[in-house]
Amino acid sequence: MLEQIKIVLVGTSHSGNIGSAARAMKVMGLKQMVLVSPECEVDAQAIALAAGASDIALNALKVSNLEQAIDDCSLVVGTSARSRTLSWPMLDPRECGELFAVESEQSQVALVFGRERTGLTNEELQKCDYHVAIPANPEYSSLNLAMAVQTLCYELRVASLARKQSEYPLQENTEYPRHHELEMFYGHLEKVLCKTHFINEAQPSQVMNKLRRLFSRARPETQELNILRGILTSVEKLSSPDK
């Protein structure tokens, strides 16, 4: 299960954090690191702080945007504080670990960490199915990147071990759409809603952000998403000029 989990670091600016995150991952049995537009290289400092986990840092996949990192994932969880303008389905670390333990039985999943100073942008967070927040001391909630990675990777490992030791059977094969399939659906939905004048074509994001939140809460399965795409296609046909 743990081999199916990607740890995605977005816009990392300090190489030591890459090394420390790699160490945190390896201690908990995770191997897949993805670096999105890193502002530094995996240098000597990164190797030193990896302390025996340099293989993870050196083999990290580098991509230019978040879409490329999560394209093949059926579940994407972004790390975030709770105080965001647009609320989103939230998990605590324990819930996050339990969900990953189940979902990673079937497909690739991703846990996304933001920049050291500013975290993830709202646009990046809206590409995630859930957000997870570490319930730190509100009077001093300063967690550095490696600490956050270590905390959440620990929860992933604990949940994975509990899943393996459970007497209950593994989850039935529920198939969820990959991220790129969801993005195609959102594009199709926006196109139809503009065509039928349900939303303002000049400002579609006002409604689309809320619809993304709705579908993130609902988490439609692949077959359900196909039904929704079929409904949109039928609406397109009825609203075409020759009808």
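Here are three short exercises, with worked solutions, on a predicted model.

**Exercise 1.** Work out in which order the strands of the open sheet lie, and which strands sit at the edges.

*Solution.* Start with the order: the seven strands run E3-E2-E1-E6-E4-E7-E5, with parallel pairing. Next, look for strands that pair on one side only: these are E3 (61–63) and E5 (90–91), so they are the edge strands. Now zoom in on one pair. Strand E1 (residues 5–10) runs parallel to strand E6 (residues 109–113), and five bridges join them. One of the residues to look up is Leu 9, whose bridge partner in E6 is Phe 113. Finally, add a helix: H1 (residues 15–27) packs on the sheet and touches both E1 and E2 (32–36). The direction of H1 makes about 155 degrees with that of E2.

**Exercise 2.** Find where Ser 37 and Ala 51 lie, and say what stands out about their phi angles.

*Solution.* Begin with the background: most residues other than glycine have a negative phi. Ser 37 goes against that, with a positive phi of about 45 degrees, and it belongs to the loop between E2 and helix H2 (44–50). Ala 51 also has a positive phi, about 50 degrees, and its loop links H2 and helix H3 (54–58).

**Exercise 3.** Decide whether Val 235 is buried, partly exposed or exposed.

*Solution.* First, place Val 235 in helix H10 (residues 222–238). Its relative accessible area is 31%. Partly exposed covers the range between 20% and 50%, so Val 235 counts as partly exposed. Together with Ile 227 and Ile 231, Val 235 forms a nonpolar surface patch of about 250 Å² accessible area.

How values were computed:
Residues numbered from 1 in each chain as written. Predicted model: local features only at pLDDT ≥ 70, side-chain atom pairs only at ≥ 80, totals over all residues. Heavy atoms only, no water. Patch = residues over 30% accessible without salt bridge, like charges linked within 9 Å, V, L, I, M, F, W, Y side chains within 5 Å. Areas by Shrake-Rupley, 256 points an atom, 1.4 Å probe, with all protein chains shown as cover. Salt bridge = Lys/Arg side-chain N within 4 Å of Asp/Glu carboxyl O. Helix = DSSP H or I, 4+ residues; strand = E, 2+ residues; numbered from the N terminus. Buried < 20%, exposed > 50% of the residue type's maximum accessible area, 1.4 Å probe, protein only. Pairing = 2+ DSSP bridges. Contact = heavy atoms within 4.5 Å. Axes fitted to C-alpha atoms, helices over the stretch in contact; angles between N-to-C directions.
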